[in-house]
Amino acid sequence: MENPREQALDVLMKVDKKEELSHIIIGNVLEKYQLSPKRDRAFFSRLTEGTLERQITIDYVIDQFSKTKLRKCRPLIRALLRMGTYQILYMDQVPDAAACNEAVKLAKKRGFSRLSGFINGILRSISRKKDKIVWPDREKDENLWISVKYSMPVWLVEFFRETYDGETVEKMAASFLEEKKTTLYCLKGKGGKEALKKELEEEGIQAEDGFLCEEALRISGYDSLWRIPAFRQGKCFVQDESSMLAASLAQAEAGQLVLDLCSAPGGKAMYMADQMRGEGMVIARDLTEDKTDLIEENTERTELENIRVEMADARILDEDMIGRADIVLADLPCSGLGIMGRKNDIKYNADRNQMRELAVLQRNILKNAAAYVKPGGALIYSTCTINPEENEENYRWIQKESGFRPEDLRPLLPESLVSDTAEKGWIQLLPGIHPCDGFFVGKLRRV
């Protein structure tokens with residue numbers, strides 16, 4: 001990687017112009033430079049991801065030192081100022097002078113020599129006066145204070161506070177900025193967790209048990225997943241424990257027929273297929289060829305033969321599947337508010353109208369999903385959001401619409417997750433409160 005800062009600049013500009021989603025473009029850059037020194041790739045990742053996740057805070061600071069508001073600057077100037085400010089405020093290993101000088105060099109290299117003095121002046125002012133930055137007054141406007149401190153849009157803070165108390169909202173906002181370890185599901189059919197844990201530790205990779213699922217390992221201290229032999233050999237795959245929990249609540253058994261709608265990248269399908277010990281069938285469906293290709297890539301690596309991948313539109317009723325499935329898992333498109341710490345674009349692009357539209361889409365798919373469940377079979381509804389309209393409201397709606405009965409989840413959950421709502425058939429996991437992503441899971445049984 002010739003110049004990590006320049007690579008970061010290109011990513012930030014594309015994200016600013018909404019040309020690509022940040023996690024996709026960052027992943028593409030890391031894949032392109034996978035053979036580059038670990039130090040360069042780590043610097044690039046920290047700079048791009050950090051600048052994006054702290055963008056609201058950074059913009060608030062820059063606007064205190066610039067006569068021209070950041071929103072009126074050219075995309076390249078915006079990106080350089082944000083990168084430089086992030087390094088000054090959050091990257092102690094980078095000297096402030098280097099952050100300023102490198103931003104100026106990049107401005108000149110990209111044909112903005114006449115604005116290099118403007119960039120230099122702002123960044124050096126922030127460097128000199130960073131201890132004198134004026135932050136919002138928490139007592140006067142707590143929502144603005146949370147917004148700036150944790151880099152979350154004010155409207156989202158207000159939205160969360162309609163459902164959760166201020167302390168919970170602050171814990172959630174803080175959790176989105178925390179560094180997260182990679183969580184792996186360890187396939188039982190390929191040796192299981194203990195054998196994999198020992199293998200990883202022998203390679204110098206830190207591995208510790210998950211908090212919620214017995215098959216989960218949390219790892220750190222590795223370079224790239226593809227450089228881990230066990231990952232290449234399909235002994236594990238990446239999956240947050242919240243997703244594992246949704247798949248585990250399905251209680252898939254050998255010989256059953258399972259339908260996984262909206263399956264990509266296929267983690268829940270692979271979880272259930274592994275639990276079924278190769279007997280029975282998991283049909284993993286998704287809307288596009290890109291998504292089904294991704295499922296197939298993962299299932300081929302793990303060599304799970306009891307998964308069939310199909311391209312299908314979940315909004316259209318498949319008459320041939322009506323009443324056939326022992327389990328239907330509907331992990332549906334959602335606003336993604338529970339995974340904002342992994343995908344920064346979500347908090348900057350989400351809006352209430354979109355969430356209402358998604359809630360309607362979910363109901364359309366849920367109605368079809370319920371039709372596929374055989375008598376005595378189970379319907380699992382899950383999302384990676386923390387919006388009640390998309391979660392418990394839709395859960396109650398499909399229960400009433402389909403005549404299914406809620407299934408008491410308490411016997412199936414770790415003790416730490418048992419709650420009043422679990423008795424009613426659903427749980428809401430909250431980032432910062434639970435040791436996983438924000439996630440909703442509900443289970444219904446056809447009478």
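The legends below describe close-up views of a predicted model.

**Figure 1. Strands β6 and β7 pair in the parallel sense.**
Strand β6 covers residues 281-286, strand β7 covers residues 307-311, and five bridges join the two. Within this pairing, D286 stands opposite M311 of β7. Between the two strands the chain passes through helix α15 (residues 289-302), and the resulting β-α-β crossover is right-handed.

**Figure 2. A salt bridge joins R285 and E310.**
The side chains of R285 and E310 meet with an N to O distance of 2.8 Å. Because R285 belongs to strand β6 and E310 to strand β7, the pair ties together parts that are 25 residues apart in sequence. R285 counts as buried because its relative accessibility is 9%. E310, with a relative accessible area of 21%, is partly exposed.

**Figure 3. T292 of helix α15 is in contact with residues that include D286 and M311.**
T292 is found in helix α15 and counts as buried, at 6% relative accessibility. The side chain of T292 reaches the backbone oxygen of E289 at a distance of 3.0 Å. When neighbours within four places in sequence are left aside, T292 is in contact with D286, V309, E310 and M311. Two of these contacts, D286 and M311, are the residues that stand opposite each other in the strand pairing. Another of the contacts, E310, shares a salt bridge with R285.

**Figure 4. E6 and R110 meet in a salt bridge.**
Side chains of opposite charge can pair when their charged atoms come close. The side chains of E6 and R110 meet at 3.1 Å, N to O. The pair links distant parts of the chain, 104 residues apart: E6 lies in helix α1 (residues 4-16), whereas R110 lies in the loop between α6 (96-109) and α7 (116-129). E6 is buried, with a relative accessible area of 14%, while R110 is partly exposed, with a value of 27%. Both residues belong to a network of salt bridges that links E6, D10, K109 and R110.

**Figure 5. R78 and D16 form a salt bridge between two helices.**
The N to O distance between the side chains of R78 and D16 is 2.8 Å. R78 lies in helix α5 (residues 75-90) and D16 in helix α1, so the pair ties together parts that are 62 residues apart in sequence. R78 is buried, with a relative accessible area of 12%. D16 is partly exposed, with a relative accessible area of 24%. The structure as a whole holds 35 salt bridges.

**Figure 6. Helix α8 contains several buried residues.**
Helix α8 spans residues 142-150, and its buried residues are N143, W145, I146, S147, V148 and Y150. Other helices contribute to what covers these residues, including α4 (55-65), α9 (154-161), α10 (166-175) and α16 (345-349). S151 follows α8 and has a positive phi, near 55°.

**Figure 7. C186 and C384 are in no disulfide.**
A search of the whole structure finds zero disulfides. For C186, the nearest cysteine sulfur is that of C236, 6.3 Å away. C186 is buried, with a relative accessible area of 1%. For C384, the nearest cysteine sulfur is that of C334, 3.5 Å away. A disulfide requires sulfur atoms within 2.5 Å, so neither the 6.3 Å of C186 nor the 3.5 Å of C384 meets the cut-off. C384 also counts as buried, at 18% relative accessibility.

**Figure 8. K197 is a buried residue of helix α11.**
Helix α11 runs over residues 192-202 and includes K197. K197 counts as buried because its relative accessibility is 18%, and the cut-off for a buried residue is under 20%. Apart from neighbours within four places in sequence, K197 is in contact with A207, E208, D209 and L217. D437 lies 240 residues from K197 along the chain, and the C-alpha atoms of the two residues are separated by 23 Å.

Methods. Residues are numbered from 1 along each chain as its sequence is written. This is a predicted model: local features need pLDDT of at least 70, side-chain atom pairs count only at pLDDT 80 or more; totals for chains, interfaces and linings use all residues. Side-chain values use heavy atoms; hydrogens and water are left out. Helices (H or I, at least four residues) and strands (E, at least two) are DSSP runs, numbered from the N terminus. Buried means under 20% relative accessible area, exposed over 50%, partly exposed in between (1.4 Å probe, protein chains only). Contact means heavy atoms within 4.5 Å. Two strands pair if DSSP finds at least two bridges between them. A crossover is right-handed if, with the strands pointing away from the viewer, the path from the first strand over the helix to the second runs clockwise. A salt bridge is a side-chain nitrogen of Lys or Arg within 4 Å of a carboxyl oxygen of Asp or Glu. A polar contact is a pair of N or O atoms within 3.5 Å; within protein, one must be able to donate a hydrogen and the other to accept it, and residues adjacent in sequence count only if both atoms are side-chain atoms.
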